[in-house]
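Subject: Structure handover

Dear colleague,

Here is the structure we talked about handing over. Please look through it first; my notes on what was found follow below.

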Amino acid sequence: RLTANKEGGDEMKIIRLLLLLMLVFAIDATGTAAEQKEPAANKTNANSVVLAYAEEIKFVPFPADLKKYEVYPWDILKLPEFREPYFRILAGRTDIKWLKTLSGPSELNKLVSTQPGTFVVIESCKQHWCGSHNIVIFFDPARRKCWALLKEDKQTSWLGDPNNELKELLEKVYRVIYPKL
């Protein structure tokens, strides 16, 4: 029988400590066991999505002749060889500020090398609306052409008239960049 006297208080502390340790070890064992049983490809966190497409999408380092494109999206707009084809594919959307300036949250441009070719990958989104307004752009510096996958409020638009192969590649890169959308 446990009591609240001085000796009983020590017993309660020991029992509480033992229960806490059992709970901690039970949670750790459950988490570890579940992770061991579940194959990596079936996990649904952001890293697993990137891993799922890692074999198909390879971002590569920029070679010396393309280093000038390894900048932020708003900086690549300063280059006429990108700006002109980009504004051409925007067509009637040049009045939309976040698309016109590419000034939303983003990372440095990347380079992807795939079967259809080597493309500078530019990604941007509308500030405070990245979950619903975002764009992934492919730029081919050799051909001075752009193609893009634009998402606005769950509506997908293809800019630059990409063929099916480029559409598929844009979708794969989109899922790597925006894994939770």
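I start with the packing of helices on the sheet. In this predicted model, helix α4, residues 80-90, lies across four strands: β2, β3 (133-140), β4 (145-152) and β5. The direction of α4 is at about 50° to β4. A further helix, α6 (residues 164-177), also packs on the sheet, and its contacts are with β1, β2, β3, β4 and β5. Relative to β3, the direction of α6 makes an angle of about 125°.

The sheet itself is open and has five strands, in the order β1-β2-β3-β4-β5, with antiparallel pairing. Its edges are β1 (110-114) and β5 (155-159), each of which pairs on one side only. On average, neighbouring strands are turned by 20° against each other, direction ignored. Strands of a sheet pair through backbone hydrogen bonds, either parallel or antiparallel. Between β1 and β2 (residues 117-125) there are five bridges, in the antiparallel sense. One residue to look at here is L111, whose bridge partner in β2 is V120.

Next, the cysteines. A search of the whole structure turns up one disulfide. The bond is between C125 and C130, with an S to S distance of 1.8 Å. The torsion about this S-S bond is about 45°, so the disulfide is right-handed. How do its two ends compare in exposure? C125 has a relative accessibility of 2% and therefore counts as buried, the cut-off being under 20%. C130, with a relative accessible area of 25%, is partly exposed, because that value falls between the limits of 20% and 50%. A further cysteine, C146, is buried, with a relative accessible area of 3%.

Last, the confidence of the prediction. The average pLDDT of the protein is 79, and 70% of the residues score at least 70. Among the elements, helix α3 (residues 73-76) has the highest mean pLDDT, 98, while helix α2 (residues 46-54) has the lowest, 37. Two stretches deserve a separate mention. Residues 1-7 have a pLDDT below 50, and this stretch makes five contacts in the model beyond near neighbours in sequence. Residues 23-55 are also below 50, with 11 contacts in the model beyond near neighbours in sequence. Where pLDDT is low, the predicted coordinates should not be read in detail.

Regards

Terms used
Residues are numbered from 1 along each chain as its sequence is written. This is a predicted model: local features need pLDDT of at least 70, side-chain atom pairs count only at pLDDT 80 or more; totals for chains, interfaces and linings use all residues. Side-chain values use heavy atoms; hydrogens and water are left out. Two strands pair if DSSP finds at least two bridges between them. Helices (H or I, at least four residues) and strands (E, at least two) are DSSP runs, numbered from the N terminus. Axes are lines fitted to C-alpha atoms, for helices over the stretch in contact, and angles run from 0 to 180 degrees between N-to-C directions. Contact means heavy atoms within 4.5 Å. pLDDT is the predictor's confidence in each residue, from 0 to 100. A disulfide is a pair of cysteine sulfur atoms within 2.5 Å. Buried means under 20% relative accessible area, exposed over 50%, partly exposed in between (1.4 Å probe, protein chains only).
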